[in-house]
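Please open the model in your viewer and keep the sequence panel beside it. The stops below go from one selection to the next, and each says what to look for once the selection is made.

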Amino acid sequence: MLNGTTAEIKPREALRINPAKTCQPIGAMYAALGINGCMPHSHGSQGCCSYHRSHLTRHFKEPVVATTSSFTEGASVFGGLANMTQALSNIFTIYNPKIVAVHTTCLSEVIGDDIPMMIKKAKEEKIIPDGKYVIHANTPSFVGSHVTGFASMVTGMVKYLAEASGKSEAQLKAEPQLNVIPGYIDPADMRELKRIIKEMGVKTVMFPDTSGVLDLPQDGQYRMFPSGGATIEEIKSSGDSVGTIALGHFASHPAAIELDEKCKVPSALLELPYGLTNTDKFIHALRTHGGVDVPGSIGQERGRLLDAMSDMHQYFHGKRVAIVGDPDHVIALTQFLVELDMKPAYVFTGSSGKHFEQRLTEILGNHAPDAMIKQNVDLFELHQQIKNNPVDLIIGNTYSKYISRVENIPFVRFGFPVLDRMGHRYFPAVGYMGALRLMEKINDALLDHKDRECAEENFELIQ
Amino acid sequence: MIELLPDREKQIVRKGGDSDATTEIACGKASTAGAVSQRACVFCGSRVVLYPVADALHVVHGPIGCAAYTWDIRGSQSSGPQLYRHSFSTDLQEMDVIYGGEKKLEAALLELIEHHQPKAAFIYSTCIVGIIGDDVSAVCKRVAAKTGIPVLGVHSEGFKGTKKDGYKAACEALYKLVGTGDTSSISPHSINILGEFNLAGEAWIIRDYYKRLGIEVVSTLTGDGRVDDIRRSHGAKLNLVQCSGSMTYLAKMMERDHGIPFKRVSYFGIEDMSAALYEAAKFFKDDPTIMARAQELVREEVATIYPELQRFKQKLIGKKAAIYVGGSFKAFSLVRILRMLGMETAVVGSQTGDKDDYRQLQEICDPGTIIVDDANPLELAKFCLEKDVDLFIGGVKERPIAYKLGIGFCDHNHERKEPLAGYVGMVNFAKEVYASVASPVWQFAPRRANRAAVLARLANDPDFKPAPKGCGNCLPECTPGDGQFVRATLVPA
């Protein structure tokens, strides 16, 4: 199918082929699901909401609820106020969430709907019952990507909810609490972060938190609002924390900066804890800011990872890798691949942002100076580059499978979305244990390929 | 207790209950703002209908999301070109919204057409294009003149109606192709198959049946679709319309302008599949051998699958199903198929049915069946639990709900992996339903484990040996008796 892709690369400006990103609202919807008792609300046509729910469902294999303002032609001419008012009234009357998180779409942005004004009006008219909350994020689809949409909604949580209660520094330090903003990662990853934090013995508030919302056990019931997610009280209390650990420049740092500005909570701006070094940094931040010692159990996990890295290092050395995905994921993963002595050859993201290229140039500087680092690029171009100069491994979301098949290159699924495999739902990629799993997947992909493709005389029983 | 939105009460009917078969369901309504609707938009309707035209270029004019979410999501297969499986988008940015996206669209089209040499191009307008006022028709005209291929604008701005309006926009775009090809070589016994999208290769099965009757299939719209076939489709003598919601509009235009009559058919289930073959045979009564061949084919095919179907029926008899599908015509077939397998339809609903559809559904369903238009997940879950169904037939958004409840599932939508149409499809369907309904996983499902009724039924089963009681201290759903210490005794050899 993708044989239609030619090796000859012509400059393209007006066209996106096989995108490596999607639009802002879906990121905002995912973030909103990480608040306990939250109904995400899409202010636009009902198709947007339906597409986002389907897409998230395909990735998480979970029911995803969200409501829509169901724009019609009338709304697009007269504005969406009436739709919003009716929607909020219906949502609180029937579904009764604790909070509604509104995000906009291209349509409501272009007609200029003023969401804060609408929320204010709904509050005055008692459409929003006392004790209930409505927050919002502006997420026009023609700006940014799903990653910026996610970041905007997390920032919205801070803007609307976080409070500094005015307690004295001594009071706050008596029972210190840290915030963790985990970034655009899977529920299994958020669950793993919480496990590590518990093991470390640090008191934290993590938001958003989709574990317990999008990784539910089967119990014979369907709940619109599962028990998981960061509670409103927890998010409010983030303004009283002694510090914030924010994981990921693109998805998490904006909210941490907002929290610092609003409530004077200092933040440690880290990368996602994929691999050895990035997990070390996360543990270090928990230790220093949480005032705890690292328990032996965590040290042992690190030791096991290190042991596995030595066991497998011979298979990884010098392997050329194409990595494509969301910027925070790609940055952190590339760091890990460098630790594994692999050679990142193409390091691409569909999203935009100068930080991506700057940071990766630093990471790859001495190790893989020839690596091609590109933002705002699509999978069609990645395929063209690979045709010109092949790689040994592709790491990317499910959409990379077309390239993998046509070029017969081993492929590890990673990031969002994964539409055709199950593991990401249950097994984390963060932390030392997550790194072990990533490494196992990489090694399996390389060796399975070798076992299938190599000449008979090279086919070996023992590796 | 799950409540219903007051505005929605009229969209739900219980046959033989407070409302009966004479009660009219309220449908064709836009979803209430604030409802968790399973419905999509105009663009979605157009995209799913046109997407399977495999040798055309499909360009989504709008921000990236609309292209991303519809990239290769439908299992519509092509026997040749794979161009349609790429995702092409103008990826509109803020500056395009301010200054307009026409130039960008034109540049993109010229570039793509030169590179891929498609037979035609479909340009989908999204919400934003309708607001910023790009003159897509003018761009299409210019590009068509420059490249010499049909470049067809699809008026699919998301907010301008429902998914049904998207079907209509797709039909209008297709109709610009109809009537532009040479029909001289077409047989007097010829048909078009409308509303068949070749999911999992179903169109190939259906086409082969008609071929065996001696009937030429001029064009399949749009499964495994080819632009040149669509251009000469007005040379066919009869249109058979399957997915009536999407394609009746096109059939009506072809009847009006080209005098081609159309018949509504379905290829799901033995009864409907056979009726679809006889329908065509009856139409070509000038050649009685066609009917003879149809009878022979039905006999042969049914004889082949009957024993296997009976085996499945024995396992499935008495099981209950819930159906929630896009188009209601499919629901009719499913109710009949389930009945043939000994199963009962307890809940049935659709996203886009009209009054006639629902009236017909009420007629064919058993008393007590719940009939619902444009349902939300809470309602679906409530009805499934109330009716204690064993199977849910639906699409992507319904699958995890069914599984959370502990109910078997069959995807009768885009994500089916086996052909479910035709005679072979009937067996595949029975197999798929059986595999899910009878899966051992449900014996561990809390919903089942907790049901006293199930235990009582088991107690009456002569093969059933009651398990020792559980310890009572652990999970209510655990298998009783497991994990307890017992005295091991040696049995002398």
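## A tour by selection

Begin with chain B of this predicted model, and colour its three parts separately: domain 1 covers 42-175, domain 2 covers 190-301, and domain 3 is made of 317-413 together with 445-479. Where domains 2 and 3 of chain B meet, nine residues of domain 2 and ten residues of domain 3 take part in the contact. On the domain 2 side of that contact, select helix 10 (244-258) and helix 11 (270-283) of chain B, the elements that give two or more residues to it. Helix 11 of chain B gives the most, with three residues, and by class this side of domain 2 consists of three nonpolar, four polar and two charged residues.

Now move to chain A, whose domain assignment gives domain 1 (24-161), domain 2 (169-271 + 288-295) and domain 3 (298-458). Select domains 2 and 3 of chain A, whose C-alpha centres lie 27 Å apart, and look at their contact, in which 20 residues of domain 2 meet 21 residues of domain 3. The domain 2 side here has ten nonpolar, three polar and seven charged residues.

Staying in chain A, select strand 4 (residues 99-104), where six of the six residues are buried. Ile99(A), Ala101(A) and His103(A) point one way from this strand, while Val100(A), Val102(A) and Thr104(A) point the other way. Add strand 2 (residues 38-43) of chain A, which pairs with strand 4 in the parallel sense over six bridges, and find Pro40(A), whose bridge partner in strand 4 is Ala101(A). Then add strand 5 (residues 133-137) of chain A, which runs parallel to strand 4 and is joined to it by five bridges; here His103(A) has Ala137(A) as its bridge partner.

Next, select strand 13 (residues 393-396) of chain A, from which Leu393(A) and Ile395(A) point one way and Ile394(A) and Gly396(A) the other, all of them buried. Strand 10 (residues 320-324) of chain A runs parallel to strand 13 and is joined to it by three bridges, with Ile323(A) partnered by Ile395(A). Strand 14 (residues 411-413) of chain A is also parallel to strand 13, again through three bridges, and Gly396(A) stands opposite Arg413(A) there. Include helix 17 (residues 401-407) of chain A in the selection, and the path from strand 13 through this helix to strand 14 forms a right-handed β-α-β unit.

Show both chains now, and select the contact between them, which takes 63 residues from chain B and 56 residues from chain A. Helix 4 (residues 102-116) of chain B gives the most to the chain B side, with six residues, and that side divides into 36 nonpolar, 15 polar and twelve charged residues. Strands also pair across the chains: strand 1 (residues 16-17) of chain A and strand 3 (residues 88-89) of chain B run antiparallel and are joined by two bridges, with Phe88(B) as the bridge partner of Ile17(A).

For the last stop, which residues have the most contacts inside the largest nonpolar core? This core has 287 residues, and those with the most contacts inside it are Phe150(A), Ala322(A), Ala121(B), Ile123(B), Ala322(B), Ile323(B) and Cys384(B). Its largest share, eight residues, comes from helix 7 (residues 146-161) of chain A. Finish by centring the view on Ala121(B), which, leaving aside neighbours within four places in sequence, is in contact with residues including Ala56(B), Leu57(B), Leu109(B) and Ile149(B).

Technical notes
Residues are numbered from 1 along each chain as its sequence is written. Chains are lettered from A and ligands numbered from 1 in the order in which they are written. This is a predicted model: local features need pLDDT of at least 70, side-chain atom pairs count only at pLDDT 80 or more; totals for chains, interfaces and linings use all residues. Domain bounds come from an automatic or database domain assignment. Two residues are in contact if their C-beta atoms, placed from the backbone, lie within 7 Å. Helices (H or I, at least four residues) and strands (E, at least two) are DSSP runs, numbered from the N terminus. Ala, Val, Leu, Ile, Met, Phe, Trp, Tyr, Cys and Pro count as nonpolar, Asp, Glu, Lys and Arg as charged, and the others, Gly among them, as polar. A residue is buried if 20 or more other C-beta atoms lie within 10 Å of its own, exposed if 12 or fewer, and partly exposed in between; C-beta atoms are placed from the backbone. Two strands pair if DSSP finds at least two bridges between them. A crossover is right-handed if, with the strands pointing away from the viewer, the path from the first strand over the helix to the second runs clockwise. A nonpolar core is a set of buried Ala, Val, Leu, Ile, Met, Phe, Trp, Tyr and Cys residues joined through C-beta atoms within 7 Å.
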